[in-house]
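Here is a walk through one protein model, meant to be read with the structure open beside you. We'll start at a single residue and work outwards from there.

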Amino acid sequence: MGNVKPVYNSKITCPVCDSEIEYTKVRSKQIRLLRQDTDFCPYYDGVNPLFYEAVICSECGYGSHITTFSNVDRYARAKIKEKITPKWQKRSFTGERDLLHALEAFKIVLLSLYAMDGPKSEIGKISLRIAWLYRYSGDQEQENKYLKHTLESYKKAYSQEDLSEEGKLDEYTCIYIIGELSKRLGNYEDSTQWLSRLIMSFSDPKQKERIPNRLIEISRDLYQEVKDLAAASKE
Ligand SMILES: [Zn+2]
């Protein structure tokens with residue numbers, strides 16, 4: 001019995017249509033993180049759990065990140081039923097996923113989020129994952145398109161949302177990602193402004209304890225890198 005499959009199916013109730021559906025998870029013992037890019041894009045040895053984070057209801061077409069699947073209020077439920085389900089062709093999303101399957105699933109999640117006017121922070125989270133999938137496949141044009149979308153979504157989330165709510169990325173990680181993606185997209189001035197805002201917050205005793213040391217370390221490194229890039233681009 002040495003050949004245990006890296007993935008298995010689990011059951012969950014769809015909060016939109018109340019069907020009991022199956023979705024596929026990766027066995028935690030199979031997950032071996034090798035490294036991450038500076039925007040947290042992960043690289044794994046073997047099976048990539050990122051591919052399985054988008055959960056789709058086979059019955060009604062509702063899709064969500066696994067961590068927020070049950071967070072559907074009456075408004076969202078009505079909007080999915082009105083805008084997504086009538087066009088949905090019932091099909092299963094269980095089983096092993098390759099990169100293309102994962103892309104399709106995440107794009108369905110994005111459609112659900114648009115239909116239910118989902119939070120910008122969630123739209124940013126999903127767009128960033130789509131950008132990473134395109135990075136894996138070497139498609140820089142599509143990657144940049146989704147990075148731009150992520151950047152705009154996180155900027156709106158930062159100014160409009162309460163990021164202290166559970167399950168959301170905290171405001172400091174949000175600032176970091178905005179700085180990081182601005183750099184990636186060549187907006188060095190924006191990038192240094194956001195990163196210096198984060199580094200300044202760390203010198204405020206009231207905020208310091210809420211900011212992880214690791215985040216400040218990588219922000220300082222990135223800030224220096226962007227300064228160098230900006231200087232080189234003016235030569
Ligand atoms: Zn459903």
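Is D18 buried or exposed? D18 is exposed, because just 11 other C-beta atoms lie within 10 Å, and a residue with 12 or fewer gets that label. Keep in mind that this is a predicted model. You'll find D18 in the loop between β1 (7–13) and β2 (20–26). Its backbone deserves a look too: phi is positive there, about 65 degrees, although D18 is not a glycine.

D117 makes a good companion to D18. It sits in the loop between α2 and α3, just after α2, and its phi is near 45 degrees, again a positive value in a residue other than glycine. D117 counts as exposed because it has 11 C-beta neighbours inside 10 Å.

**The overall picture**

Now zoom out. The protein has eight helices and six strands. Reading from the N terminus, the order of elements is β-β-β-β-β-β-α-α-α-α-α-α-α-α. The C-alpha trace spans about 55 × 45 × 35 Å along its principal axes. How does the radius of gyration sit with a compact globule? For 235 residues, such a globule would come out near 18 Å, and the protein has 19 Å, so the two agree.

As for the inside, 34% of the 235 residues count as buried. Looking at contacts with a separation of 6 or more, 59% come from residues 24 or more positions apart.

**Two domains**

The domain assignment splits the protein into domain 1 (1–162) and domain 2 (170–235). Their centres, taken over C-alpha atoms, are 27 Å apart. Where the two meet, 11 residues of domain 1 are in contact with 12 residues of domain 2. On the domain 1 side, the touching residues are five nonpolar, three polar and three charged.

**The core**

What does the largest nonpolar core contain? There are 56 residues in it, and those with the most contacts inside it are I80, A105, F106, V109 and I178. Helix α2 (residues 99–115) is the biggest giver, with nine residues. Both domains take part, as the core draws at least three residues from each of domain 1 (1–162) and domain 2 (170–235).

I178 is worth clicking on. Setting aside residues up to four places away in sequence, it touches L151, Y154, K155, Y158 and W194.

**Helices α2 and α4**

These two helices can be checked against the rule of 1.5 Å a residue.

| Helix | Residues in helix | Expected span | Distance between end C-alpha atoms |
|---|---|---|---|
| α2 | 17 residues | 24 Å | 25 Å |
| α4 | 21 residues | 30 Å | 30 Å |

For α2, the distance between the end C-alpha atoms agrees with the expected span, and α4 (residues 140–160) agrees as well.

Which residues of α2 are buried? They are A102, L103, A105, F106, I108, V109, L110, S112, L113 and A115. What covers them includes β5 (54–56), β6 (63–65), α1 (74–83) and α3.

In α4, the buried residues are E143, Y146, L147, T150, L151, S153, Y154 and A157. Notice that E143 is on that list. The buried residues of α4 pack against α3 (120–137) and α5 (171–184).

**Two serines in α3**

Helix α3 holds both S121 and S137, so let's look at each in turn.

S121 counts as buried because it has 21 C-beta neighbours inside 10 Å, where 20 or more is the cut-off. Leaving aside neighbours within four places in sequence, S121 is in contact with A157, E161, L163, K168 and L169. S121 and Q160 are 39 residues apart in sequence, yet their C-alpha atoms are 9.7 Å apart in space.

What about S137, with its 13 other C-beta atoms within 10 Å? That count makes S137 partly exposed. S137 and L100 are 37 residues apart in sequence and 9.5 Å apart in space, C-alpha to C-alpha.

Terms used: Residues numbered from 1 in each chain as written. Predicted model: local features only at pLDDT ≥ 70, side-chain atom pairs only at ≥ 80, totals over all residues. Helix = DSSP H or I, 4+ residues; strand = E, 2+ residues; numbered from the N terminus. Rg over C-alpha atoms; globule rule 2.2 N^0.38 Å. Contact = placed C-beta atoms within 7 Å. Domains from an automatic or database assignment. Nonpolar A, V, L, I, M, F, W, Y, C, P; charged D, E, K, R; others polar. Expected span 1.5 Å × (residues − 1). Core = buried A, V, L, I, M, F, W, Y, C linked by C-beta atoms within 7 Å.
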